[in-house]
Amino acid sequence: MRLPPAILGNTEEVLREVLRFMSPADVTLSRYFKDHPRFGGRERGVIAEAVYAVLRNKSFFTDFAGAGNTPSMRKLALLGLAETAGIDALGGLSEDETHFLTRIKEVDRTLLPPQMQANLPTWLYDKFVAQYGEKETLELAAALNTPAPLDLRVNSIKSNRDDVMAELAKAPIAAEPMPYAPLGLRVLKKPALQNLPLFKDGAIEVQDEGSQVLSQIVGARRGEMVVDFCAGAGGKTLALGATMRNTGRLYAFDVSEKRLAKLKPRMARSGLSNVHPVLIAHERDAKIKRLAGKIDRVLVDAPCSGMGTLRRNPDVKWRQRPEAIGEMQEKQAAILDGAARLLKGGGRLVYATCSLLNEENDFIVEQFLGTHPDFELVPMSKVLAEQKIPLEMGDYLKMLPHKHQTDGFFAAVLERKAKAKAEPVEKAAADADDATEDASGSTDA
Ligand SMILES: C[S@@+](CC[C@H](N)C(=O)[O-])C[C@H]1O[C@@H](n2cnc3c(N)ncnc32)[C@H](O)[C@@H]1O
């Protein structure tokens with residue numbers, strides 16, 4: 001179907017704003033649509049898709065948009081629209097523009113220089129190549145530059161996977177069970193879900209399969225004391241609360257009031273009454289100290305560079321500064337240290353990020369273990385076997401878009417060693433004394 005010719009000018013206008021990278025792309029787009037209320041849902045979708053296509057392909061597109069007489073922002077908008085809606089959908093193009101788009105369409109992208117194929121900034125491309133090698137970096141980048149599918153988690157408090165699938169089929173929405181997350185469904189297209197009774201009644205939540213797996217490896221059980229230390233808007237909190245069958249106590253900590261506020265309506269929909277959101281000032285807040293040594297499970301879903309979420313937020317790779325990784329590491333180590341104090345002996349902590357960089361993952365965990373001899377790593381292979389999740393991993397969970405069709409996630413499970421209790425030691429000493437007395441008594445006898 002032909003797009004209205006004005007769409008090109010609007011795409012160009014909003015693109016100019018987005019590419020300033022003053023705020024996240026979704027925020028800039030929402031603001032633009034609020035200021036231009038005449039757009040219907042379809043137009044908004046077309047413009048947003050085109051903007052995201054430019055963000056995903058920026059290195060390649062800017063290289064080609066630079067040449068010729070047409071201003072480059074218009075060319076970028078044209079490329080974005082042609083990538084998502086097709087050249088034939090664009091009306092009112094000059095002969096030059098049609099020729100330009102046809103020529104780009106014919107480019108064999110596998111022959112481009114590797115960094116341009118990957119569409120990554122130099123610093124990130126270099127870090128990925130150092131960590132994954134060039135071949136895997138290109139596979140990883142291709143997956144990161146492909147839009148994510150729509151993943152759902154069935155709320156086991158309200159329904160089960162078969163019933164939800166049957167209900168979705170009536171809509172009609174085709175969905176299939178996911179390979180790793182037992183409550184996960186992958187929706188084959190991207191329908192609007194907000195008005196479905198299943199969504200309004202809290203039987204489903206949107207959650208990436210990797211995020212579901214990560215919530216499950218926390219291993220939260222009925223009646224336990226659990227803390228989701230960086231709960232944000234509660235994506236993982238809700239999954240944890242359901243795993244606990246709405247029993248025990250689940251504290252949802254975060255330093256952001258705005259994010260915690262978004263958790264509240266989701267909690268109401270979910271039917272969970274075991275979740276207690278707590279706004280904290282920082283990872284050493286007095287509210288945390290009161291719970292020290294009392295918690296069975298802690299999830300630290302740490303703030304990170306977010307490079308594992310590029311399928312959804314392609315602007316992040318252009319907005320993130322390499323210097324920010326060092327700042328992030330300091331924050332991650334401080335949060336992990338603060339959160340670890342909550343655990344009782346034998347309790348488990350999951351340190352997780354949506355980063356693909358070892359610096360924010362393995363490194364932080366190894367540094368922690370080096371300075372916390374009362375903690376030990378539980379190999380991920382053991383945790384996955386306990387949870388019956390069919391994934392092959394070594395010490396850590398590393399979900400990768402090109403291998404597992406999920407966002408990129410890292411997780412490590414750390415267990416606080418159970419302290420030898422004072423009483424049994426005294427008892428053992430007393431038993432030993434008794435045994436000595438018995439022995440001497442028997443001599444006497
Ligand atoms: C990766 S996001 C969490 C996403 C969330 N767990 C989810 O599943 O939707 C990291 C969160 O850490 C929070 N945060 C940052 N510094 C923190 C701190 N010192 N203590 C606790 N939370 C913090 C941020 O506000 C942000 O919401």
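The legends below describe several views of a predicted model of one protein chain.

**View 1. Overall layout of the protein chain and its three domains, domain 1 (6–107), domain 2 (150–206) and domain 3 (209–416).** The C-alpha trace spans about 115 × 50 × 40 Å along its principal axes. The secondary structure of the chain amounts to 21 helices and 12 strands. Of its 445 residues, 41% count as buried. Among contacts in the chain with a separation of 6 or more, 73% are between residues 24 or more positions apart. Between domain 1 and domain 2, the C-alpha centres are 32 Å apart.

**View 2. The region that UniProt annotates as "domain: SAM-dependent MTase RsmB/NOP-type", residues 140–417.** This annotation comes from an unreviewed entry. Helix makes up 35% of residues 140–417, and strand 23%. The C-alpha atoms at the two ends of this region are 37 Å apart.

**View 3. The surroundings of C354, listed by UniProt under "active site" in an unreviewed entry.** C354 belongs to the loop between β9 (343–353) and α18 (362–371). Is C354 buried or exposed? It counts as buried, because 26 C-beta neighbours lie inside 10 Å, and 20 or more suffice for that class. Leaving out residues up to four places away in sequence, C354 touches C304, G306, G308, T309, D407, G408 and F409.

**View 4. The largest nonpolar core, with 86 residues.** The residues with the most contacts inside this core are V298, V300, V350, Y351, A352 and A411. Strand β12 (residues 409–416) supplies the largest share of the core, 6 residues. Domain 2 (150–206) and domain 3 (209–416) each contribute at least three residues to the core. Which residues does V350 contact, apart from its neighbours within four places in sequence? They are I217, V218, L299, V300, A411 and V413. Another core, of 29 residues, lies apart from the one shown here, and V18, A53, A65 and L79 are among its members.

**View 5. An open sheet of 4 strands in the order β2-β3-β1-β4.** The pairing in this sheet is antiparallel. β2 (175–177) and β4 (204–206) are the edge strands; each has a single partner strand, so one side of each lacks a neighbour in the sheet. From one strand to the next, the twist averages 35 degrees. In general, the strands of a sheet pair through backbone hydrogen bonds. Strand β1 (residues 150–154) is joined to β4 by 3 bridges, and the two run antiparallel. R153 has E205, in β4, as its bridge partner.

**View 6. The cis peptide bond between A171 and P172.** Omega of this bond is about -5 degrees. P172 is part of the loop between α10 (161–170) and β2. Strand β2 is one of the edge strands of the open sheet in View 5.

**View 7. Two residues with positive phi, F21 and N119.** Phi of F21, a residue other than glycine, is near 55 degrees. F21 sits in the loop between α1 (6–18) and α2 (25–35). The environment of F21 counts as partly exposed, because 15 C-beta neighbours lie inside 10 Å. N119, which is not a glycine, has a phi of about 55 degrees. The loop between α7 (114–118) and α8 (122–132) contains N119. With 25 C-beta neighbours inside 10 Å, N119 counts as buried.

**View 8. D395 in the loop between α19 (380–386) and β11 (397–399).** How many C-beta neighbours does D395 have inside 10 Å? There are 15, and D395 therefore counts as partly exposed. Apart from its neighbours within four places in sequence, D395 contacts L377, P379 and M380. D362 is 33 residues away from D395 along the chain, and the C-alpha atoms of the two are separated by 9.7 Å.

Methods: Residues are numbered from 1 along each chain as its sequence is written. This is a predicted model: local features need pLDDT of at least 70, side-chain atom pairs count only at pLDDT 80 or more; totals for chains, interfaces and linings use all residues. A nonpolar core is a set of buried Ala, Val, Leu, Ile, Met, Phe, Trp, Tyr and Cys residues joined through C-beta atoms within 7 Å. A residue is buried if 20 or more other C-beta atoms lie within 10 Å of its own, exposed if 12 or fewer, and partly exposed in between; C-beta atoms are placed from the backbone. Domain bounds come from an automatic or database domain assignment. Two residues are in contact if their C-beta atoms, placed from the backbone, lie within 7 Å. Two strands pair if DSSP finds at least two bridges between them. Axes are lines fitted to C-alpha atoms, for helices over the stretch in contact, and angles run from 0 to 180 degrees between N-to-C directions. UniProt positions are given in the numbering used here, feature names are shortened, and annotations may be inferred rather than shown by experiment.
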